[in-house]
Each structure stands twice: as structure tokens, then as C-alpha cells.
Amino acid sequence: MKPSKIPHGISGLHPLIDDLATSIRYHWTLFPELCPLKIDPQLESISGTLDGEALFIRNELYSCRGFRKLHLETARLGIGLDILHCVFFPEPCFNLPIFGTDIVASPAGISAAIFDLSPTDTQLPNSFTQYLNAFPTFEYQHPRALPAWGTIFSPLARFIRPSNSIEESKFLDEINQFLITINKNIRELSEQSTSNIKTINRHQIQLFYCMQQKRNDKTRRVLEKAFNPTWADLYINELLFDNPQPLI
């Protein structure tokens with residue numbers, strides 16, 4: 001199933017978030033065997049309050065050949081804080097990286113923007129590196145340090161605070177190249193068996209990735225404060241960073 005149009009999330013977000021979300025949805029429609037994933041209604045469209053301000057969250061979930069989950073989350077707190085979170089989790093039987101990108105924006109500008117292709121093998125497949133190396137890298141004026149738990153990120157990771165619209169456009173361009181590369185590879189890579197040692201290793205690496213992401217206490221504190229600890233655990237463990245299914 002390949003929908004010609006994917007429903008939008010929250011409207012009127014920061015222009016870069018709107019542009020990136022639109023781009024991600026467009027690339028999804030090009031992925032082979034795209035299919036919507038079932039999502040608990042209480043986790044699809046969410047509203048709450050945080051420090052007296054309204055909080056809205058919208059989640060979109062799909063799968064496709066090679067990826068067990070494609071997740072796009074858009075959120076707004078009050079009238080000024082906009083958030084985008086996106087992650088593609090591969091099926092361990094495919095030598096595909098974990099794609100992730102996040103943006104945090106306010107009326108003052110974008111305070112954080114990150115993207116990465118985290119390998120689930122010892123390194124990214126040559127087909128990825130050869131394609132990406134053909135494109136010039138862009139030097140941003142205000143790079144940021146990765147968090148202490150960010151050992152899961154690759155040398156390709158970009159964590160920045162864009163200083164102007166040119167840097168915002170370059171950030172979007174680089175992600176588009178990542179998404180084009182992903183689409184190319186999911187069509188060409190062969191699926192390996194669940195008993196293959198490389199599949200087993202990729203499964204373990206993805207488990208470690210999810211475990212490290214769950215160590216982001218800032219996300220957990222925000223969700224606990226806006227909702228409650230039990231709901232925060234459900235959201236983080238079952239939606240944001242759910243573990244891959246055991247290999248059979």
C-alpha cells in the first residue's frame with residue numbers, strides 16, 4: 001500500500017519544521033511497500049498542559065521495506081515552542097542505519113537541530129558512504145556538543161543551532177540527501193536471515209540504541225510533568241523507542 005498523500009500533523013509550526021515534515025512525508029510516499037502502522041488512539045493525537053501552557057502532540061507511523069517503523073512526531077507547547085522528532089528503525093535483517101532528526105524552535109529561532117544515520121553494523125554500508133561523500137559538506141557557524149549518552153551517533157551526525165535562513169536551507173538539503181540515499185538502498189539491499197550473525201548483531205545494536213535514547217532524562221521529565229510517570233514510560237517505551245521484536 002502506498003498512499004498518494006499522507007495526512008499532516010500540527011499546522012502552523014516553525015517554517016523549517018513544516019518544511020522538514022513535508023519533505024519527510026513526501027519521501028515516505030516514494031518508499032517501497034509503504035504501509036500505515038496501527039497506533040493507539042491515545043498516542044496519536046495528544047493534548048495536555050505543562051506549566052499552565054497547552055501541549056499538543058501528533059504522531060504519524062508507517063513501515064516499509066527494510067524499516068519496521070517510520071515515526072514522525074510534531075508538537076507545540078504554548079504559542080511558541082515547536083518540536084519535530086523523527087526516527088526510522090530498520091528491520092535487523094537489512095543492513096540499514098537508523099535515521100533520526102530533531103528540531104526545537106521558538107520565536108527566538110531554532111535552539112537545536114540534529115540529524116544522523118546511526119549504523120547498525122560496524123560501519124555504514126559502502127553504498128551509503130560512497131553516495132553521501134559525493135556531496136560537499138556544509139560548515140555551520142554554531143555546532144553544538146552531543147549529549148553524554150550520544151555515543152550511538154555516527155561521525156555523520158550534525159547537531160547545530162542554525163544562525164540564518166541559509167543554514168536552515170542547508171540543513172534541510174542535507175537531510176533530503178540522506179532520505180534519497182535511504183530510498184535507493186532499501187530498494188537494492190538484500191534481506192538476510194534472522195539466524196545470520198550479522199542480523200543478530202544488528203538487532204543487538206538497535207537494542208542498545210533504544211536503551212541509550214531512553215536515558216534522555218529531559219524528555220522523560222517533560223512528559224512526566226505534562227502527564228504522569230506511568231504515561232511517560234508508556235510513551236517512551238512503546239512509541240518513541242520501542243525495542244525491535246525478538247528474532248525468531
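**Exercise 1. In which loop does Ala-148 lie, and is this residue buried or exposed in the predicted model?**

Solution. Begin by placing the residue along the chain: Ala-148 belongs to the loop that runs between α3 and β8, the latter being the strand of residues 158–160. Next, take its relative accessible area, which is 79%. Since a residue counts as exposed over 50%, Ala-148 is exposed. As a last step, look for a residue elsewhere in the sequence: Asn-216 is 68 residues away from Ala-148 along the chain, and the two C-alpha atoms are 9.6 Å apart in space.

**Exercise 2. Which residues does Cys-86 contact, leaving aside its neighbours within four places in sequence?**

Solution. First locate the residue, which sits in strand β5. Its relative accessibility is 0%, so Cys-86 counts as buried. Then go through its contacts beyond the four-place limit, which are Ile-24, His-71, Leu-72, Phe-99, Gly-100 and Thr-101. Finally, compare this list with a distance: Asn-216 is 130 residues from Cys-86 along the chain, and their C-alpha atoms are separated by 15 Å.

**Exercise 3. Where do Glu-33 and Asp-51 lie, and what is the sign of phi at each of them?**

Solution. Start from the general expectation, which is that most residues other than glycine have a negative phi. Glu-33, although not a glycine, has a positive phi of about 60 degrees. This residue lies in the loop between α1 and β1, a strand of residues 35–36, and Glu-33 is exposed, with a relative accessible area of 57%. Now repeat the steps for Asp-51, where phi is again positive, at about 55 degrees, although this residue is not a glycine. The loop that holds Asp-51 runs between β2 (45–50) and β3, and with a relative accessibility of 59% Asp-51 counts as exposed.

**Exercise 4. Is Pro-32 buried or exposed, and which residues does it contact beyond four places in sequence?**

Solution. Pro-32 lies in the loop between α1 and β1. Its relative accessibility is 15%, and because buried means under 20%, Pro-32 counts as buried. Apart from neighbours within four places, Pro-32 is in contact with Cys-64, Arg-65, Asn-183, Ile-186 and Arg-187. For Arg-187, one can set the two kinds of separation side by side: this residue is 155 positions from Pro-32 along the chain, while their C-alpha atoms are separated by 7.2 Å.

**Exercise 5. How far apart in space are Gly-48 and Ile-186, and what does Gly-48 touch?**

Solution. Gly-48 is found in strand β2, and with a relative accessible area of 19% this glycine is buried. The C-alpha atoms of Gly-48 and Ile-186 are 38 Å apart, with the two positions 138 residues apart in sequence. Not counting residues up to four places away, Gly-48 touches Glu-53, Ala-54, Leu-55 and Phe-227.

**Exercise 6. How many residues has the largest nonpolar core, and which element gives the most to it?**

Solution. A general point comes before the count: in soluble globular proteins, nonpolar side chains tend to be buried together. Here the largest nonpolar core has 39 residues, and those with the most contacts inside it include Trp-28, Leu-70, Phe-88 and Ile-182. Several elements each supply at least two residues of this core, among them α1 (15–30), β5 (81–90), β6 (98–106) and α4 (165–188). Of these contributions, that of α4 is the greatest, with seven residues. Apart from this core lies another, of 29 residues, including Ile-98, Ile-114, Trp-231 and Leu-239.

To see one member in detail, take Ile-103, which is among the residues with the most contacts inside the largest core. Beyond four places in sequence, Ile-103 is in contact with residues including Leu-16, Ile-83, Ala-112 and Phe-171.

**Exercise 7. How many helices and strands has the protein, and why can it be called as compact as a globular protein of its length?**

Solution. The secondary structure consists of seven helices and eight strands. The radius of gyration is 18 Å, close to the 18 Å that the globule rule gives for 248 residues, and therefore the protein is as compact as a globular protein of that length. Two further values complete the picture: 50% of the 248 residues count as buried, and, of the contacts with a separation of 6 or more, 65% join residues 24 or more positions apart.

Conventions. Residues numbered from 1 in each chain as written. Predicted model: local features only at pLDDT ≥ 70, side-chain atom pairs only at ≥ 80, totals over all residues. Heavy atoms only, no water. Core = buried A, V, L, I, M, F, W, Y, C linked by side-chain atoms within 4.5 Å. Buried < 20%, exposed > 50% of the residue type's maximum accessible area, 1.4 Å probe, protein only. Helix = DSSP H or I, 4+ residues; strand = E, 2+ residues; numbered from the N terminus. Contact = heavy atoms within 4.5 Å. Rg over C-alpha atoms; globule rule 2.2 N^0.38 Å.
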